[in-house]
Amino acid sequence: MSLWAAVAGAQATGAAEGGPPAPRPAEEKPVEKAAPFKLPEWLTRFKVWGWANVYAFPYFERNYPDPNKNLFRIRFARLVVDFSPHDDFTARLHLAGEQASSALFFDYFVTWKRFDFANVTVGQQKIMLGASISQPGFELTMLDRPKFVTQFTKQNFRDIGLTVHTGRGPTPRVFEYSVGLYNGTGRVPFAANVPNRGDSDLLLAARAVVNPAPLFLGKQARLALGVTGAVESTGVSPDATTARNNLGMALVPWATARTTYLLGADLNVSGLGGLWLLGEVMFVQSEARPAGTSRRMLGWYVELGYTLPVFDGLLQPVARFEWADPDTSSVANEEVVGSAGLNVRPFTWLLVSAFYSRDALITPTGVPMTNRVELRLQARY
Ligand SMILES: [Ca+2]
């Protein structure tokens, strides 16, 4: 026994050498405490979480064609199960209840995380087609993503395939990337038929982000510049339903084989004294095959927010301006949206927001406007 162990042992019994024996409490019976309930080890490797958004439309111009006319609707209702059977692996099942669709499998994939600079994700997953799409739904500063971001890309931004990417943990990074190859069919609804596609009908997507802020502005700061590129080849003639899973969704008007290219650039500034800035430009070109018609689309937006240094940072005024042209070869078909609102976070799990937006559709005969007031209640669990 070493000297330190001997001293420690003596102190533990209250009988250090040369000292009086420690008094023992008389007649005290040991109290039997119930052992705390412990989950089996394998069960702790599951994490179940999600979020739900309820929207309300207290003011909405009902002459405008829009499917969201009800006073209340559920925009997001999500349940995610992450299972990590081994430190190098994560498996995810992401269930979603979305408007105009029944419960769906959004994500089901496995990620191999052995190397932080090259994680590999295989399965159905979200494709990182720009800054707005890369944001999780529960972190959206505005009520929703810009309308054109959804229209220019694909339904739910998901596809089946393989992605190699940098680790997606909370540690800030100076460089992030993702490169993926997908079958281009899009998100596969549960038990629904999916059109067959030729072997060469693939979607290739790549994104890189450089964020030098952690090097000189601290770990929380983000000054990130991103670029995104994607190309998709579609061999079958998409109909109105399946086209929603192709790049450019239903904005590409012809039902024939086509090749579509997407290019995007974005800037995100956050973690600097309450400032939030997100700007993005996106260009899409689709070409019918074997040759002939082509369609070009261009859109951009700027989003600005500021977390006020009062009430423990509870209040965040936000605003966004977005402009989109779904066909650059024709005039008077552009759409301009301006919106402003306030986010309130009384608890970390609760977000309450109010937004006003004004949507202007430029047409050859005039500029019809739509004004609306929308409320958001988001709970995370
Ligand atoms: Ca135009």
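Two residues are in contact if their C-beta atoms, placed from the backbone, lie within 7 Å. Keep that in mind as you look at the whole protein chain: of the contacts between residues at least 6 apart in sequence, 54% join residues at least 24 apart. What you have open is a predicted model.

**Stop 1: the whole chain**

Switch on the cartoon view. You should be able to pick out 4 helices and 16 strands. The chain has 381 residues, and 25% of them are buried.

**Stop 2: colour by confidence**

Now colour by pLDDT, the predictor's confidence in each residue. The mean for the chain is 85, and 82% of the residues reach 70 or more. Where is confidence lowest, and where is it highest? Select helix H1, residues 3-13, for the low end, with a mean of 41. Then jump to strand S13, residues 315-325, for the high end, at 98.

While you're at the start of the chain, select residues 1-19. Their pLDDT stays under 50, and the model has 9 contacts beyond four places in sequence for this stretch. Where pLDDT is low, the predicted coordinates should not be read in detail. Let's move on.

**Stop 3: the largest nonpolar core**

Which residues have the most contacts inside the largest nonpolar core? Select Ile127, Leu129, Phe152, Ala230, Leu262 and Val284, and show their side chains; the core has 18 residues in total. Next, highlight helix H3 (147-152), strand S8 (203-210) and strand S11 (275-288), the elements that give two or more residues to this core. H3 gives the most, with 3 residues.

Stay here and centre on Leu262. Setting aside neighbours within four places in sequence, Leu262 is in contact with Leu129, Thr228, Gly229, Ala230, Leu247, Met282 and Val284.

**Stop 4: a peptide bond to zoom in on**

Follow S11 out into the loop between S11 and strand S12 (294-306), where you'll find Pro290. Zoom in on the bond joining Arg289 and Pro290: this peptide bond is cis, with omega at about 10 degrees. Most residues other than glycine have a negative phi, and most peptide bonds are trans. Hold on to the part about phi for a later stop.

**Stop 5: strands side by side**

Select S12 and S13 together. They pair in the antiparallel sense over 8 bridges. For one pair to click on, try Tyr301 and its bridge partner in S13, Glu322.

Now add strand S14 (335-347). How many bridges join S13 to S14? There are 10, and these two strands run antiparallel. Click Phe321, then find its bridge partner in S14, Gly338.

**Stop 6: two loops with a positive phi**

Go to the loop between S12 and S13 and select Phe311. Phe311 isn't a glycine, yet its phi is positive, about 50 degrees. Is Phe311 buried or exposed? Phe311 counts as exposed because it has 10 C-beta neighbours inside 10 Å, and the cut-off for exposed is 12 or fewer.

Then hop to the loop between S13 and S14 for Ala332. Ala332 also has a positive phi, near 60 degrees. With 11 other C-beta atoms within 10 Å, Ala332 is exposed.

**Stop 7: Arg73**

For the last stop, select Arg73 in strand S2, residues 72-86. Arg73 has 14 other C-beta atoms within 10 Å, so it is partly exposed. Now add Tyr55 and check the distance in your viewer: the C-alpha atoms of Arg73 and Tyr55 are separated by 5.4 Å, although the two residues are 18 apart along the chain.

Key
Residues are numbered from 1 along each chain as its sequence is written. This is a predicted model: local features need pLDDT of at least 70, side-chain atom pairs count only at pLDDT 80 or more; totals for chains, interfaces and linings use all residues. A residue is buried if 20 or more other C-beta atoms lie within 10 Å of its own, exposed if 12 or fewer, and partly exposed in between; C-beta atoms are placed from the backbone. A nonpolar core is a set of buried Ala, Val, Leu, Ile, Met, Phe, Trp, Tyr and Cys residues joined through C-beta atoms within 7 Å. pLDDT is the predictor's confidence in each residue, from 0 to 100. Two strands pair if DSSP finds at least two bridges between them.
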